[in-house]
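The questions below go through one protein model, from its aromatic rings to its sheet, core and charged pairs. Each answer sets out its reasoning before it closes on the value or name asked for.

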Amino acid sequence: QNNTQEGAIATGKFFIEANDYAIQTGDTQPMQEVIAKEGTAKQDFSSVEETLSKKGTWVSDKIKTELMIAEPRENTDLYVQFAVTQPPQTSTKNPRKKNQGFSLYYGMNLIYSNGRWNVKDFYSIDKDEAERKNNAPN
């Protein structure tokens, strides 16, 4: 993980793919490996674990990611945003329970420290909801 924009982008993509892996397996260790000590990612991550605990795991084909934004922020931070397409999923608790898949935007601030990029904070928002908010009258 070089101290380059490409290194930060690779870390962001890894984090999203690790999130998908966690949804399918319940294993959150890969996500935890790139969470920074600074920022809110560590506490926000607990909600990911809580959701997995409540809803169980879901299986699907692999997600698709597309880089939308990569821009420097203050200090050593770099912001990246991806468009993520999640194929239809099936619940492992109840195989009759399915969803149709969805699209979302996944953003995160990354920080370079101790020779590697780490996720400082992250969020995701449904793509349709984000577009409604952007088109809403002020």
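Rings of Phe, Tyr and Trp (its six-membered ring) pair if their centres lie within 6.5 Å, and planes under 30 degrees apart count as stacked, over 60 as edge-to-face and the rest as tilted. The model is a predicted one, in which local features need pLDDT of at least 70 and side-chain atom pairs count only at pLDDT 80 or more, while totals for chains, interfaces and linings use all residues. Residues are numbered from 1 along each chain as its sequence is written, and side-chain values use heavy atoms, with hydrogens and water left out.

Q: How many aromatic pairs does the structure hold, and which class does the pair of Phe-15 and Tyr-106 belong to?
A: The structure holds four aromatic pairs. In one of them, the rings of Phe-15 and Tyr-106 have centres 6.4 Å apart and planes at 80°, so this pair is edge-to-face.

Q: How many residues apart in sequence are the parts that Phe-15 and Tyr-106 tie together?
A: Helices (H or I, at least four residues) and strands (E, at least two) are DSSP runs, numbered from the N terminus. Phe-15 lies in helix 1 and Tyr-106 in strand 6, so their pair ties together parts whose separation in sequence is 91 residues.

Q: Is Tyr-112 buried, partly exposed or exposed?
A: The rings of Tyr-112 and Trp-117 have centres 5.3 Å apart and planes at 65°, so they too form an edge-to-face pair. Buried means under 20% relative accessible area, exposed over 50%, and partly exposed in between (1.4 Å probe, protein chains only). Trp-117, at 4% relative accessibility, counts as buried, whereas Tyr-112, at 22%, counts as partly exposed.

Q: What is the strand order of the open sheet of four strands?
A: Two strands pair if DSSP finds at least two bridges between them. In this open sheet the pairing is antiparallel, and the order of the four strands is 2-3-6-7.

Q: Why is one side of strand 2 and of strand 7 left without a neighbour in the sheet?
A: Strand 2 (64–72) and strand 7 (116–126) each have a single partner strand, so one side of each has no neighbour in the sheet. Strand 2 has strand 3 (residues 77–86) as an antiparallel partner over eight bridges, and one of the bridge partners is Thr-85 in strand 3, which faces Lys-64. The reason for the free sides is therefore that both strands stand at the edges.

Q: At what angle does helix 1 run to strand 3?
A: Axes are lines fitted to C-alpha atoms, for helices over the stretch in contact (heavy atoms within 4.5 Å), and angles run from 0 to 180 degrees between N-to-C directions. Helix 1 (residues 5–25) lies across strand 2, strand 3, strand 6 (102–113) and strand 7, and its angle to strand 3 is about 40°.

Q: Which element gives the largest share of the largest nonpolar core?
A: A nonpolar core is a set of buried Ala, Val, Leu, Ile, Met, Phe, Trp, Tyr and Cys residues joined through side-chain atoms within 4.5 Å. The largest one has 25 residues, and Phe-15, Tyr-106 and Phe-122 are among those with the most contacts inside it. Two or more residues come from each of helix 3 (41–55), strand 3, strand 6, strand 7 and helix 1, and the largest share, six residues, comes from helix 1.

Q: Which residue forms one aromatic cluster with Phe-15 and Tyr-106?
A: Phe-15 is buried at 0% relative accessibility, and Tyr-106 is buried at 5%. Leaving aside neighbours within four places in sequence, both are among the residues in contact with Phe-122. The third member of the cluster is Phe-122.

Q: Which strands does the salt bridge between Asp-77 and Lys-120 tie together?
A: A salt bridge is a side-chain nitrogen of Lys or Arg within 4 Å of a carboxyl oxygen of Asp or Glu, and a search of the whole structure finds four of them. In the bridge between Asp-77 and Lys-120 the closest N and O atoms are 3.0 Å apart, and Asp-77 is buried, with a relative accessible area of 10%. The pair ties together parts 43 residues apart in sequence, namely strand 3 and strand 7.

Q: Which helix holds both Lys-54 and Glu-50?
A: Lys-54 and Glu-50 form a salt bridge, with their closest N and O atoms 3.3 Å apart. Lys-54 is exposed at 61% relative accessible area, while Glu-50 is partly exposed at 46%. The two residues lie four residues apart, about one turn of the helix, in helix 3.
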